Protein chains: 4
Amino acid sequence: MKTGYSGLFIPGPTNIPEKVMQAMTLHLEDMRAPDFGGFTLGLLNDLKKVFKTKTGQPMIFPCSGTGGWESALTNTLNPGDKILCSAFGQFSHLWADMCKRLGFEVVRLEVEWGKGVPVDEYQRILSEDKDHTIKAVLACQNETATGVTSDIAGVRKALDAAGHPALLFVDGVSSVGSIDFRMDEWGVDVVVSGSQKGFMLPTGLGIICVSEKAFEAHKSSKYPRCFFSWEDMSNSFKTGFFPYTPATTLLRGLRASLDMIEEEGLENVFARHKHLATGVRKAVDAWGLKLCAQGPEWYSDTVSAIMVPEGHDATKVIARGYERYQTSFGTGLSKVAGKVFRIGHLGWLNEIMVLQAVATAEMAMKDSGIPIELGSGVAATQTHFMQSNYGS
Amino acid sequence: MKTGYSGLFIPGPTNIPEKVMQAMTLHLEDMRAPDFGGFTLGLLNDLKKVFKTKTGQPMIFPCSGTGGWESALTNTLNPGDKILCSAFGQFSHLWADMCKRLGFEVVRLEVEWGKGVPVDEYQRILSEDKDHTIKAVLACQNETATGVTSDIAGVRKALDAAGHPALLFVDGVSSVGSIDFRMDEWGVDVVVSGSQKGFMLPTGLGIICVSEKAFEAHKSSKYPRCFFSWEDMSNSFKTGFFPYTPATTLLRGLRASLDMIEEEGLENVFARHKHLATGVRKAVDAWGLKLCAQGPEWYSDTVSAIMVPEGHDATKVIARGYERYQTSFGTGLSKVAGKVFRIGHLGWLNEIMVLQAVATAEMAMKDSGIPIELGSGVAATQTHFMQSNYGS
Amino acid sequence: MKTGYSGLFIPGPTNIPEKVMQAMTLHLEDMRAPDFGGFTLGLLNDLKKVFKTKTGQPMIFPCSGTGGWESALTNTLNPGDKILCSAFGQFSHLWADMCKRLGFEVVRLEVEWGKGVPVDEYQRILSEDKDHTIKAVLACQNETATGVTSDIAGVRKALDAAGHPALLFVDGVSSVGSIDFRMDEWGVDVVVSGSQKGFMLPTGLGIICVSEKAFEAHKSSKYPRCFFSWEDMSNSFKTGFFPYTPATTLLRGLRASLDMIEEEGLENVFARHKHLATGVRKAVDAWGLKLCAQGPEWYSDTVSAIMVPEGHDATKVIARGYERYQTSFGTGLSKVAGKVFRIGHLGWLNEIMVLQAVATAEMAMKDSGIPIELGSGVAATQTHFMQSNYGS
Amino acid sequence: MKTGYSGLFIPGPTNIPEKVMQAMTLHLEDMRAPDFGGFTLGLLNDLKKVFKTKTGQPMIFPCSGTGGWESALTNTLNPGDKILCSAFGQFSHLWADMCKRLGFEVVRLEVEWGKGVPVDEYQRILSEDKDHTIKAVLACQNETATGVTSDIAGVRKALDAAGHPALLFVDGVSSVGSIDFRMDEWGVDVVVSGSQKGFMLPTGLGIICVSEKAFEAHKSSKYPRCFFSWEDMSNSFKTGFFPYTPATTLLRGLRASLDMIEEEGLENVFARHKHLATGVRKAVDAWGLKLCAQGPEWYSDTVSAIMVPEGHDATKVIARGYERYQTSFGTGLSKVAGKVFRIGHLGWLNEIMVLQAVATAEMAMKDSGIPIELGSGVAATQTHFMQSNYGS
C-alpha cells in the first residue's frame, strides 16, 4: 500500500498547484452563459503574454499536444505540401511522422539524439529551395525525450538568411511557460503547447497560438478538417465562445494558473526553472554521469535525460523508483530506451522537491547496481541551491 | 453577486456528483506507471456494459463529442465515400455538415425539426442502393437541440430489411448512460458519446465504441488521420496505455462515475430519467404549452425543448432565468432560436432538482409575458412524482 | 440509492459555498509559521465588522456554539453568581440549563414557545434587583427551535432603564451574519456564534466577541477554566497565534467566507435573508398554516418553524422529506416535537433553493395527509420573489 | 512567492492524505438524519481497534487535544482531588499546569527534559500513598516537545505493584495511531488523542477513549462541566448522535482515515513510523548531533528533537527552513527554545518525504553556521532505507 505523497518527476503531467486544484473543485457551468465569453477573452489575452505575442491569436482545443500539432498542419497547408523537419528524439520524430501520415511531403533530417534542431542544415536546405516548395518548417523547442532545447531564434535567422517565406511551426509543449519563448520576436507562425506542462494543469487542453501570416495561409488551405478547424474556433472566439462544448473545469484551472504565472512573473518562472535544472545537473556531474544532451547549449531547463553507464539498464532504475520508492521518473523512449532515465523539473516545483528527486534517484540507481555514491548528488544540488542568490 | 447554488438545467454539461468531484480532487500521476494500464482496462471493461456490448471496443479520446464524430468517419471510410444521414436539429445537422466538410459524399435528408431519423426513408434509399455505394448510415439517437429521440433499433431493421451492409454510426452523446442504448442488439458499428452528459463528468473525454465490423472497415480506410487514429489507440489499449498523454483526472472521475452507474443499476438510471422527464412534460402540459418534439414517440428523456407561444421570444425566458434567477436553461439553436427554451434533465438529477427547474421556468416565463399560471406546472410535476411508485 | 443533490434546509449546518469548499481543499500548514499570525489578525479584524464592534475582541475557539456559551459564563462570573435568563425554545433552554449545571444561580423565566425574550419582565426584575446581585443577563437573539427572533436592543434598554450593571450575553449562533446584530450599539458584552450558520462553514469554530467590560469582569472571575480560557487566547491573539493547535482548514474557509460577506455587503446579506424568509412565510400563509412564532415581531429571517394542523404529526413530514425526497428539514425539538417542522433559510441560499424547499415541503406534507394544495405555496413564494425588487 | 509544495515536518498537523482530502470535499449534511447515527457508530467501533480496547468507549469532541485533557479531568474527579503527574516537556507541563488551574491538588514531578515518565518514582509515591488520596495518575506517552516516548506499560506495572486504585490517564495525542498504544492491556482509563496527528486529519476533533472504571468514577464526579460532559455525549452516542452539532466534515474524513489505517494494518503503520524515525535518527548520527531524548529507550517514532551544538541557535535553523526553503520544522518550546529543532515524522509520510526533510535540514543548519557535512545525513538515511527490508 502506498503511503505519503508519491514523487512525480516526469516531464509532464506536472505537480498541480493547490490553487489550481482548488479552482477546479467546482460545479459544471453553462458554456453559453452571457458572461462566459468575457471570461474566455480574458484567458486569451493573458495567454498572449505567455506566448510573448501581440498579434498572435491563441486558441484552446479540448485535446492534448498531439492534437495541437495536427491542428497546425491541417489548417495551413494543402495535401502534398512539403515540410522541412528534423528528428532527434521521440517527440520530434512523432511530429515528423504525423506529417507523413497526414499526406504531406516530408524533408526529414535525422539528427543524433542528444542534439537539437540543425539550424545550419535548415539554412542550407532553405537557401537551396529557390522555388519555395517548402511550405512549413518544424522545430521542436524542447525535445522531452532527450532533454534537449533547440535554438528557435536560430531557426528564424536561418529562414531570414535564406529569404524563405515558409511558415515556422514550433512544438513548445514542454517549454512554453517554463523556458523563454518569444513568438513575435522569433517570427513563429504556430506554437503548440498543452495544459499539463508549464501551465501546471491536468491534461486536456491543447493550447496553440497562431500568427497573422498563418491565418493568411489558412485561407488557402483546403486540407479537410473539422474538429481542429480554425475557422470555427476563431469565429466563435470573437465573442469568447467555443464552437463545441469546452472543458470549463480546465479553463477555470487555467485562469488560476495564468494568475499564478502573472504573480510570480514570467521571467521569474524561467529563472526558477533554470535554477532548479542546474541543481539537477550538478547532481549528475557529482554522480559522474552524463546527460543525453550533448553539451550545455542543448541543456533543457525542464527535463534532464540522464545516461546510465554502459552495461546498466535505465529501465531498472525507473522500475525501482516506482515500485520501491513511490516515485515516477521519465522512461527512455525508443532509441534511448534502457539508456536514460529522465527527471522532469518543470511546472509547480521548488528546491526541496528537486532534492527529493535527486535523493530518490540515488537510491534507485544504487539499488540497480549503478556505482554512485549515496548523498553525493544531493550534496552537489544543495551546494548549488545554497550558493545561488535565488530566492533571497 | 451570485449567492447560493446556481441552477444548471442545460442538456449537458450536467450537474457533477459529489463523488465524482471528490475523485477528481487529486494530484496528477504518471500515465506510464506499470499499474496504470490495468486501471484503464477496468474502465474499458465497464464501459462495455454501458454500451451493452460484448464484442465492441471502447476508446477514450481526450476531446469532445465532436471529435468522436470525426473519429468515426475518418477511421472507417475513404475520401468521397457516400454517407446517408438526416438532419432534424442542430446536432444532427452539424454531423451531416462535418461529413461534407471532410470530403465525403452526403445523402442528407432534411426532416422537420421535432421529428427524428426517418426510418422509412432510410429503408427506401438503402433498398434502392443496389450497388451498396452507401458506406455508412448516420443516426442521432437523441437530438439535443429539439429533445427528440430516434428509433435506432428501427434503423437497424431498415438496414437489415434492405440487406444493406453499410456501417451504422450513432450519435449517442446525450443518450448513452441516460437512455437505453444497445450496441450489440442494434448492430451499431460506432457509437459516439462524451463525458459531460450521462457520464456526469466535466467535458474532455470523447468516448466511443467500435464494432468488429467497423474495425474491419478501418483496415481499408485510407483517410488521413493521426490524433483520432484508431490504430494507435487500439494498439496501446491492448495493455491499457494511451498513445499520447491521457486526461488522467477525468479518467479517475470516470472510474467514480462508472461505479455510481453500476451501483444505481443501468436500467434504474434509465427509469429515473424517464420518471424525471415525465415530470417535466407534465408541467409543460399544465402550462398549456407544447414540446418541440412532435409526439410521444419522439419525446426525449434527457432534454425537453419547450415551445413558447406564438408572439413570444424564448430568448427572453432564458436570459431572465440566467440574470434574475441564476439558472441556466438551454437555448434554442438555429432554426428554433427564439422559439424554444430547453430544460436538460439528465445526469446527476433528482425530483427536487426538477421541481426547482420547473418553478424557475414558471417565473422566467411569466416575467417574459408568457401567460402561464404560477405553480401550475409545479403542481403537475409534484402530482406525477407523488403518484408514481418511483423510489418506493 | 441517492441521486442528485440532497436538499439541506435545516437551520445550520448550512449549504457550503463553492468558494469556501475550494478554500478548504488544501494541505495542512504550520500554525507557528511567522506569517500565520498576520493571517489570523486579518480574520479578527474582519470579524469585528460582522459583529459591528470597534472595541470588542473576537475570539475563535475550536468548538461548537455550545462551547462558546460555556466560555462566556466561565470567563466572567464566579461560582454561585446570579444569572437572569429566559427559556422559550430548546436552545434558550439549554443555555439556561448550562448555567445551572455549571453551578450558577439562575433566575429563569419560562416563556411560551413562540415568543422571545420577555423584555418587560427583564426590566422589572432588573429594576427590583437593587443590590445588583444579578451579574449577567442572557438573551437568545434567534431561537432556532421555534424560529423566533428577540429584541436585543430592547434588552439593552431594559438594563439601562433599570440602571443595572449586569453583563449582557447574547446567543447569536443562528443570527450573526444573517440577521442584523450590533454589538457596540446594543452594548452586548459577549456574543456567541458558530461557523456553521451565517458564516457558511462546516461546524468546528466557536466564534465569540467580548466587550471591554466583559474583559474587566474577567479579571475578577475565579471560575476554573482552561480550554475556554480567555487569558490564554487573548494573550496569544496579540500576535495572532493560538494557545493550542487551531483548526487551520476552517480558518482558511473563514477567510473565504468573510470575503464573500464583504463582497455581498453585510446589509445586503441581511436583506437577502429577509427576502427569502418572506418567501417562505408567503408559502405558509398560502397553505393556511401558522408559524410557531406568534406574530411578525417574532418572525425569524433564518428559520421558520411551521405548525402542522392539529391531529397531524410533523415528524412524518420530516421523515417523508428525508426518505422519499432526499431533503432535510429541521425537526421539532422537545416541547414542539411532532408539532412543527422547520425550514432553515440561512447562509448560502437563494430564491431557487427556497422554491425547492417549498415545493418539497408541499409533497412531504401532502404525503403525510396534511390537506394543502400542491403548488399553492410555491405560487405564493414565486409571486413574492417576482414582485419584490430584490436582485434588480 | 511560494512555488511548489511546502515541506510540513512539524509533529502535527501532519500531511493530509489525498483520500482524506477527497472525503472532506463535500457538502454539509443533516446531523439528525436517520442514517447518521449508524455512520457514527461505525466510527466508534473502528476507533476501538485503534485504541486496542474492547470495553473502552471512544468519544469525539469538536475540540483539540487540550479539550480532551480537560474532559478527562473534569468528568472523573472532584475539585481538590490529588493527581500525580510529571513534567518533562512543554506538553506534559501544560497538562500538569491545567490540573492546577482547574483546582486539583497536583503532585508534580519535575523530570529532566529528554527523559520521560519516571516510572520508579511513580511507583514509590503510589506505594507510599496508603490512603489512596491520589485519584489519578497522568502520563504523557509521547512528549511532542522533546521527542520522548514513555513507558505506559511500566506506569501500569507501578500502579499494580503499589496496589493503587488511581485512574490512569494517558496523553496519546502524538502517539495514538502512530506508536503502539494498548488501552486494555495497559489498563488505561482515559486516553486523549486528536485528529491532526496519527489520524491524519485537520485539527478539530478531540478523540478520547474511556474505560468502564473511568465511567464508574464519572458517576461520583461533581466537577462542574457541560461542553465536555460525558453524560450528554455517552447518552447521545447510544444511537450514534451528538449532544450538539458535530463537525460532520471531519467525521467523514475520519471515516476515510480509519479505512486507510485498516487497509495498511495498524501494526504496519507502527512499523512504518519506526522505520522512518530510524531514518531520521541515522541522519542525526551522521551529522554528529544528539537528540534531546537521552537514550534509545526514550526515542520517539513520531518526532525527533535535534539538539544544535553549543553556541548555535536552533531558532535560526527553523527560520531559515521556513523562509528560504519553504519548510516547516518544529520549534523548540520553553526550556529547549533555541536548543532544538524538531522533525515531525508521523502521519501520512513515506521515505522520500523523510529524505526531503533531512536534505532541507542540512541546508538550513549549514546556512545557520552549524558545521555539518552536506549530504551526510541524507546518505545515512538512504542507507538505512535501502538496507531495511521495509516495503519489500
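## Helix α13 of chain C and the chain contacts

In this predicted model, the buried residues of α13(C) are C:Ser376, C:Gly377, C:Val378, C:Ala379, C:Ala380, C:Thr381, C:Gln382, C:His384 and C:Phe385. Nine of the twelve residues of α13(C) are thus buried, and the helix is mostly covered. Helix α13 of chain C runs over residues 376-387. From its first C-alpha to its last it reaches 17 Å, close to the 16 Å expected at 1.5 Å a residue.

The cover of α13(C) involves two chains. Its buried residues pack against α10 and α12 of chain C, and also against α12 (351-367) and α13 (376-387) of chain B.

Two of these partners, α10(C) and α12(C), also meet each other. Helix α10 of chain C spans residues 266-287 and helix α12 of chain C spans residues 351-367; their axes come within 10 Å and cross at roughly 25 degrees. Because angles under 35 degrees count as roughly parallel, α10(C) is roughly parallel to α12(C). The crossing of the two helices is right-handed. On the α10(C) side the contact is made by C:Leu276, C:Gly279, C:Val280 and C:Ala283, and on the α12(C) side by C:Glu351, C:Val354 and C:Val358. Five of the residues in this contact of α10(C) with α12(C) are nonpolar, one is polar and one is charged.

Contacts between whole chains are described next, beginning with chains A and B. This contact takes 42 residues from chain B and 42 residues from chain A. On the side of chain B that touches chain A, at least two residues each are supplied by α3 (65-74), α4 (90-101) and α9 (248-264) of chain B.

Chain A also meets chain D, where 38 residues of chain A are in contact with 38 residues of chain D. The elements of chain A that give two or more residues to this side are α9 (248-264), α11 (314-325), α12 (351-367) and α13 (376-387). The largest share of the side of chain A that touches chain D comes from α12(A), with eleven residues.

The table gives the residue classes for one side of each chain contact.

| Side | Nonpolar | Polar | Charged |
|---|---|---|---|
| Chain B, touching chain A | 21 residues | 16 residues | five residues |
| Chain A, touching chain D | 15 residues | 15 residues | eight residues |

Technical notes
Residues are numbered from 1 along each chain as its sequence is written. Chains are lettered from A and ligands numbered from 1 in the order in which they are written. This is a predicted model: local features need pLDDT of at least 70, side-chain atom pairs count only at pLDDT 80 or more; totals for chains, interfaces and linings use all residues. Axes are lines fitted to C-alpha atoms, for helices over the stretch in contact, and angles run from 0 to 180 degrees between N-to-C directions. Helices (H or I, at least four residues) and strands (E, at least two) are DSSP runs, numbered from the N terminus. Angles under 35 degrees count as roughly parallel, over 145 as roughly antiparallel, 65 to 115 as roughly perpendicular and the rest as oblique. A crossing is left-handed if the near helix is turned anticlockwise from the far one by less than a right angle, and right-handed if clockwise. Two residues are in contact if their C-beta atoms, placed from the backbone, lie within 7 Å. Ala, Val, Leu, Ile, Met, Phe, Trp, Tyr, Cys and Pro count as nonpolar, Asp, Glu, Lys and Arg as charged, and the others, Gly among them, as polar. The expected span of a helix is 1.5 Å times one less than its number of residues. A residue is buried if 20 or more other C-beta atoms lie within 10 Å of its own, exposed if 12 or fewer, and partly exposed in between; C-beta atoms are placed from the backbone.
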